[in-house]
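This briefing concerns nonpolar packing and one pocket. Please consult the structure below before reading the points that follow.

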Amino acid sequence: MLVDTPAHTDVLIVGAGPTGLALAIDLARRGTDALLVERAPALSPGSRGKGLQPRTLEVLEDLGALEAVRAHAAPYPPLQLWNGGRPQREQRMFDAIEPTQAQPYTQPLMLPQWRTQQLLHERLRALGGRVAFGHELTALAQDEHGVSAEFTGGHRVRARYLVAADGGRSTVRTLLGIGMSGQDVDPQPMVVADMTVNGLDREHWHVFPPTDDQAGGATLALCPLPGGQDFQLLARHPGAREIDLTLEGLRATVTAHTHLHADQIEAVHWASTFRARTALADRFRDRRVLLAGDAAHLHSPAGGQGLNTSIQDAYNLGWKLDAVLTGTAHTSLLDTYEEERRPNAAAMLELTTAVHHGKARRGRATAQLDLGYRQSPLSVETRPDLPEDALHAGDRAPDGHHAGTRLFHTLHGPHWTLLTVNTDTELPDAACPVLRIPTHQAYGTGVFLIRPDGYIGWAGHTTHGLTTYATRHGAPIG
Ligand SMILES: Cc1cc2nc3c(=O)[nH]c(=O)nc-3n(C[C@H](O)[C@H](O)[C@H](O)COP(=O)(O)OP(=O)(O)OC[C@H]3O[C@@H](n4cnc5c(N)ncnc54)[C@H](O)[C@@H]3O)c2cc1C
């Protein structure tokens with residue numbers, strides 16, 4: 001048994017990064033018994049994944065964390081390119097997408113990852129959950145009833161399911177022998193640091209491209225982080241030299257590639273190195289163990305998708321674990337986690353690698369609003385001859401307004417939702433919210449059963465087949 005924690009739990013979540021925290025929140029609001037363990041003594045510092053994409057904002061809204069996020073986050077500043085100490089042109093990082101009632105959030109927000117984690121942790125605590133810090137998983141064994149995990153100090157925990165949210169170097173993935181194939185997107189190591197910089201405005205993300213005599217050398221960027229005076233330094237580092245992360249070392253890196261003087265770099269609060277890599281785990285599941293977040297996929301930071309894809313994993317998994325644990329759905333529901341998330345992660349990896357090499361823009365695809373699960377066995381579309389661009393089963397359920405309130409206010413929460421649009425078809429009994437609206441441009445016409453994670457599970461012109469679908473997948477209908 002871990003200090004102050006139970007020896008048994010339904011879901012053992014290993015790792016309190018964004019993935020583990022988001023999953024713990026989703027399970028806590030469902031009342032699912034879960035234990036979140038973290039090897040470090042506190043949440044990780046550092047601004048690392050600072051971009052929250054529009055679809056993630058919707059997820060955070062559902063998890064009850066968006067208001068706090070918005071209070072601390074800021075829109076992305078425009079890029080300011082520099083050359084020879086002179087400001088050049090400005091550039092937008094992301095393509096502008098018009099917000100509509102169906103998609104209210106279209107621009108990403110910037111928030112240092114340490115703050116995102118802090119806010120998720122606060123939300124978890126408000127729901128009665130907590131993180132068991134200072135416990136490192138070192139071994140695990142599975143049988144048909146559960147997973148036995150061992151931690152430093154010989155402590156043991158028995159769980160019905162284990163979720164590996166333990167990051168790119170996942171101990172759990174290694175212990176299970178699950179391969180991860182991928183490649184370096186850039187052979188040069190990168191330096192990332194949070195630092196106080198004087199003499200640069202905070203309205204721009206300052207980018208210093210390589211000069212001609214730095215062939216293959218350094219692009220360096222300094223981005224003002226919201227909620228303080230820090231800038232995030234991101235710099236390609238010539239691999240030949242040892243990377244010096246001290247104040248003096250980072251001053252040397254910055255002054256070598258910008259017009260800034262050493263004493264303008266006043267302090268370094270956190271610094272790390274990494275190699276931009278793209279990699280995908282061969283499997284996302286091994287019997288009672290599920291991989292999520294960076295443990296399952298690694299992205300180049302260029303596309304700003306790693307943290308977002310990780311939170312989407314957690315959001316996809318939470319309701320499925322709960323439904324299987326409560327017996328409302330068959331255990332095969334958990335198979336759909338890998339079926340849905342692995343192809344999605346693969347597509348996002350392609351996108352982030354293309355963005356890294358300047359071959360794709362940061363536009364609709366990086367917003368993740370069009371991401372969905374049409375090919376999933378969980379998506380049943382019974383309306384014939386729908387045009388490709390019409391809303392299908394498997395797609396994200398759009399927001400909208402009805403009777404003075406947002407659809408998301410009904411959709412959000414741990415439940416399924418039964419929605420009809422422009423039809424008075426008789427409905428079976430439902431122990432979940434039922435909403436009948438006369439018209440909605442994006443939905444068109446039909447009966448829609450919307451999953452707890454906000455995707456359309458089943459769609460039809462009539463309810464024929466709805467109850468069978470609902471019974472199989474744990475929706476309280478019929
Ligand atoms: C420079 C940089 C910039 C980035 N920019 C972006 C961006 O703009 N947008 C974006 O979406 N993403 C970005 N990312 C990626 C983002 O940081 C990761 O995708 C994200 O942290 C993944 O979250 P996670 O919870 O899966 O893993 P992590 O954040 O790595 O968390 C894993 C946790 O598990 C713990 N742990 C590990 N092993 C064990 C064990 N054996 N027992 C117990 N606990 C354990 C670790 O201590 C850690 O706290 C960036 C990353 C970097 C490095």
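Leu449 is in contact (heavy atoms within 4.5 Å) with Trp416, Thr417, Leu418, Tyr455, Ile456, Gly457, Trp458, Leu466, Tyr469, Ala470, Ala475 and Ile477, leaving aside neighbours within four places in sequence. The model is predicted: local features need pLDDT of at least 70, side-chain atom pairs count only at pLDDT 80 or more, and totals for chains, interfaces and linings use all residues. Residues are numbered from 1 along each chain as its sequence is written, and side-chain values use heavy atoms, without hydrogens and water.

**Nonpolar cores**
- The largest nonpolar core (buried Ala, Val, Leu, Ile, Met, Phe, Trp, Tyr and Cys residues joined through side-chain atoms within 4.5 Å; buried means under 20% relative accessible area with a 1.4 Å probe, protein chains only) has 83 residues, among which Leu12, Leu162, Leu321 and Leu449 touch the most other members.
- Helix α7 (residues 306–325), a DSSP run of H or I with at least four residues, supplies the largest share of this core, 10 residues.
- This core lies between domain 1 (8–73 + 111–183 + 278–367) and domain 3 (380–473), because both give residues to it; the domain bounds come from an automatic or database domain assignment.
- A second, separate core of 16 residues includes Trp82, Ala193, Phe231 and Val254.

**Second largest pocket**
- Of the 24 residues that line the second largest pocket, Leu369, Asp370, Arg374, Asp395 and Arg396 lie nearest its centre.
- A pocket is an open set of points on a 1 Å grid over the protein atoms alone, where a 1.4 Å probe fits, with protein on both sides within 12 Å along at least five of seven lines; lining residues have an atom within 4 Å of a point.
- Helix α8 (residues 335–356) gives the most to this lining, with 4 residues.
- Domain 1 and domain 3 both contribute to the lining of the second largest pocket, so it lies between them.

Definitions and conventions:
Buried means under 20% relative accessible area, exposed over 50%, partly exposed in between (1.4 Å probe, protein chains only). Helices (H or I, at least four residues) and strands (E, at least two) are DSSP runs, numbered from the N terminus.
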